[in-house]
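This briefing covers the fold, surface and interior of one protein chain. Please keep the sequence and structure at hand while reading.

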Amino acid sequence: MSRPKVFSAKKIITMDPNRPQATHVAVRDGCILAVGDERCADAWGHAGEDPVHDSSLEEFVLMPGLVEGHAHAIAGGIWDYPYAGYHDRIDPAGKPWRGKRDLASVIADLQAIERTLPADRPLVGWGFDPIFLRDERLGRRHLDRIGGERPVAVMFSNFHLMCVNSKALEMAGYDRETDAEGVVKDANGEPTGELQEMAAMFPVMRRLGIDFRGLSLTEPAMRTYGEVCKRAGVTTATDLFSTMTEADADRLLDITADERFPARIVPALGAMGASPEEIAERARALRERSSDKLRLGAVKLMTDGSIQGWTARVKWPHYVGGQPNGIWNTPPQSIFDLALQMQRSGLQMHIHVNGDEASEVAIDALEAAARQYPWPDARHVLQHCQMMGRDQFVRCAALGVHVNLFSNHLWYFGDQHAALTIGEDRARRMNAARSALDAGVEIALHSDAPITPMGPLFTAWCAVNRQTMSGRILGRAQRISVDEALHAITLGAARTLKLDREIGSIETGKRADFAILATDPTACDASALKDISVLGTVLGGKVYPAKEPLA
């Protein structure tokens, strides 16, 4: 047994109502021994085992390690491809990427990159946001100007749509005779190059070697993901649609066991490509291999698509522009079949629902599964939940279903949703954290990185302020308090992962996982929450500075 180490801090925000704040926390063997003042560990010392006092964090604020309950490990590896998005971004190495404000800039930047590539390599960009570019819709003719005989693909920021050039369409066998949902055609019946949702995109991705598994499950990709987490103050993060094999599990167990790796990872197995019974069997087998820093056994179900891509399934009156009402990645009956099998198998489900028609189907499926196979505290989680209203939150509360809201959308896409997708009235109640809490639902908040950058304090700011890029407040009645938002990115998110016995608050017996902050998020103005600097993390009692030296 090691000697206790007592960290001192300017302030410790515990998220424990029995001791909301402290100045010292004692750690032993990776867990929290005591919380309080400088003498909090004195009672735990034995002969020759006086506590070691560590003052390296005394100028900073500590709070529970932040929990990112919906992100993807490709948030590290996706930067192997050039960024083509509208918003300014910073990659994991700290390099800034300027946003593209018009289609000409997108094309020009991709042309410059194309000239540097070997002749046999496809050009793949990512992060494109057509909803911001109103001049014309990106199509294969634009991309043909870049690549010619080189296949070119541009993944949209939502990862539910992509646009490809003529060569890529040819490689996938897509032409005017193709009759497949998601292969968009022009008025003359020719493919435009836009592909919507997984069934339409996967044939191109396979032929171009766009390997999301390789971007998330290799050692370099996972180590980069760990760095992304550390810089955001995140000590526990999900990979919420994993295609993990047994060999992948071996590799991730080795990577996460390395004391240099700064995060706990919670993958959820993607529930596609096999029967419900086969998926359940794989998830149960993976669950048995869980370790301290790699938690396996959950599954992720897909329902609809993306609201800003007009592929989410929304209730009447559907989309303001009259677009068709979305695409089911998994048909409703299959959602019912999957929910029933996962419930029967004792497997926690995370279910992607963007539109309110999709969330209605998911709740119906969970309700049916619960009637047939009762499971107290199953704690299934609806993910995104962007258009859910009070009626659906009340049903979730009755079922014990949690929700993880995509609050970042309010800033990044709120103006566009009001004007172009679902209209002003429904946009005002998007990501309705207030309604969820008032209905008695446990909530988390997320970034869905790399769709938007990982940064739980920014995500909390979005839920508290509900400010859009234009500066307006979108849905004042749905704002929540700073304390409620901080709970949602710590203990609330931990509850959605069934890890609240171990993480999410700073109290005796839990893992010694902390975020190191420059200032106190409970003392600053709510409008400044997003501007608080993250200086690093503590995981299992080990300090991981965001940069050296810690300052």
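The points below go from overall shape to surface and then to the nonpolar interior. The model is predicted. The protein chain holds 18 helices and 23 strands. With a radius of gyration of 23 Å, close to the 24 Å that the globule rule gives for 551 residues, the chain is as compact as a globular protein of that length.

**Overall shape and contacts**
- Taken along the principal axes, the box filled by the C-alpha atoms of the protein chain is roughly 85 × 55 × 50 Å.
- Of the contacts between residues at least 6 apart in sequence, 72% join residues at least 24 apart.

**Surface and charge**
- Of the 551 residues in the protein chain, 61% are buried.
- The exposed area of the protein chain is about 21,100 Å², and 49% of that area comes from carbon and sulfur atoms.
- The protein chain carries 62 positive and 72 negative charges, and the mean positions of the two sets are 1 Å apart.

**Nonpolar interior**
- The largest nonpolar core has 120 residues, of which Tyr225, Leu382, Phe393, Val403 and Met454 touch the most other members.
- Beyond its neighbours within four places in sequence, Met454 is in contact with Glu68, Ala71, Tyr225, Val228, Cys229, Ala232, Val234, Ser447 and Ala449.
- Tyr225 is thus named twice: among the residues that touch the most other members of the largest core, and as a contact of Met454.
- A second, separate core has 28 residues, including Trp97, Met162, Val183 and Met201.

Note on methods
Residues numbered from 1 in each chain as written. Predicted model: local features only at pLDDT ≥ 70, side-chain atom pairs only at ≥ 80, totals over all residues. Heavy atoms only, no water. Helix = DSSP H or I, 4+ residues; strand = E, 2+ residues; numbered from the N terminus. Rg over C-alpha atoms; globule rule 2.2 N^0.38 Å. Buried < 20%, exposed > 50% of the residue type's maximum accessible area, 1.4 Å probe, protein only. Contact = heavy atoms within 4.5 Å. Areas by Shrake-Rupley, 256 points an atom, 1.4 Å probe, with all protein chains shown as cover. Lys, Arg positive; Asp, Glu negative; His and termini not counted. Charge placed at Lys NZ, Arg CZ, Asp CG, Glu CD. Core = buried A, V, L, I, M, F, W, Y, C linked by side-chain atoms within 4.5 Å.
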